[in-house]
Amino acid sequence: MAVLDGKTAVVTGGSRGIGRAIVERLVRDGAEVVFTYARDDRAAAAVERAAAAPGVGPGSAHAVRGDLSENDAATRLMEYAHRKLGALDILVNNAAHARMAPIEELDWHDYDRLMTLNTRSVFQTVQFAARHMRDDGRVINISTVGTRRAWPGSAAYAASKGAVEQLTAVAARELGTRGITVNTVSPGATDTDLLRSAHTDETLAAVARATALGRLGRPVDIADAVGLLAGPDARWITGENIRVDGGEV
Ligand SMILES: NC(=O)c1ccc[n+]([C@@H]2O[C@H](COP(=O)([O-])OP(=O)(O)OC[C@H]3O[C@@H](n4cnc5c(N)ncnc54)[C@H](OP(=O)(O)O)[C@@H]3O)[C@@H](O)[C@H]2O)c1
């Protein structure tokens, strides 16, 4: 029997990068997963197909499209996923956007979209979980090691993730008596489209050299930490912010 047999999960931003690896890990562990994405129908369909391939399961993956930077999209997606799955045991807030710009140049429209996606949608899904998650559930919010540094240009992104970390700590206290754990996973530089769009190859080579393990992270490195927290062995870990960065910080 797989560790997540009978469990249901929602993963935001599961069509690419770290989110896709998380979906694949939860499916392998036996969960029934609904994952969200914003634009790329082909990428989402590829994840569904990969999850359904022989020998990958025993879980399943179902995609639902929705732009979480729009007003109440997160709540609507959670309502849809809850109806589809019939219950909610695991929530992974992974979808995010990294808008890099110096403070003096940042546009308010961009700021608002980023905050709605990276922070408000997380609050909305956690609120839904607080109301509907079954006992002994798991909430895992993806942040970044960037909150422990002060990279010029990252003010809005780092602020959005700092808010998620504090929300996580408070939610752990509020939901704990129901056996629900709430944790943050903070990746270091992980080789995805988001990372490649924000940095040059030279910068990434320098970051890779700066890790203790001498390479960039891979999406599966982060997904395996999430898989651990989602499973029964992590029942006594809550309110934590776990760096998964190969010793980058
Ligand atoms: N990669 C890194 O180095 C790194 C480091 C630290 C933290 N993180 C964090 O790890 C998480 C995943 O990052 P990643 O690098 O895997 O990102 P990614 O490769 O850009 O993938 C982002 C995922 O989120 C979805 N998404 C984007 N905008 C969305 C929106 N407005 N509404 C709903 N879904 C949306 C995308 O769907 P579409 O493709 O359909 O748009 C995609 O599935 C993020 O929280 C990020 O902050 C990443």
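In this predicted model, Asp245 is buried, with a relative accessible area of 10%. That value is under 20%, the cut-off for a buried residue, so Asp245 falls in the buried class. Asp245 is located in the segment that follows strand β7, which covers residues 241–244. Its side chain reaches a backbone atom of another residue: the nitrogen of Gly247, at 3.0 Å. Asp245 also touches residues from elsewhere in the sequence. Once residues up to four places away are set aside, its contacts are Val145, Pro187, Gly188 and Thr211.

Thr116 is a second buried residue, at 15% relative accessibility. Here too the value is under 20%, and Thr116 therefore counts as buried. Thr116 belongs to helix α4, which runs over residues 108–132. Its contacts, leaving aside neighbours within four places in sequence, are Leu68, Ser69, Glu70 and Ser121. Gly30 was compared with Thr116 by position. The two residues are 86 residues apart along the chain. Their C-alpha atoms are separated by 31 Å.

The ligand was examined next. It is surrounded by 31 residues. The closest of these are Arg16, Arg39, Asn94, Tyr157 and Thr192. By residue class, the shell divides into 13 nonpolar, 12 polar and 6 charged residues.

Several polar contacts link ligand oxygen to the protein backbone. A backbone N or O atom of Arg39 lies 2.7 Å from an oxygen atom of the ligand. Arg39 is also listed among the closest residues of the shell. For Ala38, the distance between a polar backbone atom and a ligand oxygen is 3.0 Å. For Gly13, the corresponding distance is 3.3 Å. The protein covers most of the ligand surface. Taken alone, the ligand exposes 910 Å², and the protein buries 96% of that area.

Three elements each give two or more residues to the shell around the ligand. They are α1 (17–28), α5 (155–175) and α6 (193–198). Among these helices, α5 spans the position of Tyr157, which is one of the closest residues to the ligand. Helix α6 gives the most to the shell, with 3 residues.

Taken together, the results describe two buried residues and one ligand site. Asp245 is buried after strand β7, and Thr116 is buried in helix α4. The ligand has 96% of its area buried by the protein, and its oxygen atoms approach backbone atoms of Gly13, Ala38 and Arg39.

Definitions and conventions. Residues numbered from 1 in each chain as written. Predicted model: local features only at pLDDT ≥ 70, side-chain atom pairs only at ≥ 80, totals over all residues. Heavy atoms only, no water. Near = heavy atom within 4 Å. Polar contact = N/O pair within 3.5 Å; in protein donor to acceptor, adjacent residues only side chain to side chain. Areas by Shrake-Rupley, 256 points an atom, 1.4 Å probe, with all protein chains shown as cover. Helix = DSSP H or I, 4+ residues; strand = E, 2+ residues; numbered from the N terminus. Nonpolar A, V, L, I, M, F, W, Y, C, P; charged D, E, K, R; others polar. Buried < 20%, exposed > 50% of the residue type's maximum accessible area, 1.4 Å probe, protein only. Contact = heavy atoms within 4.5 Å.
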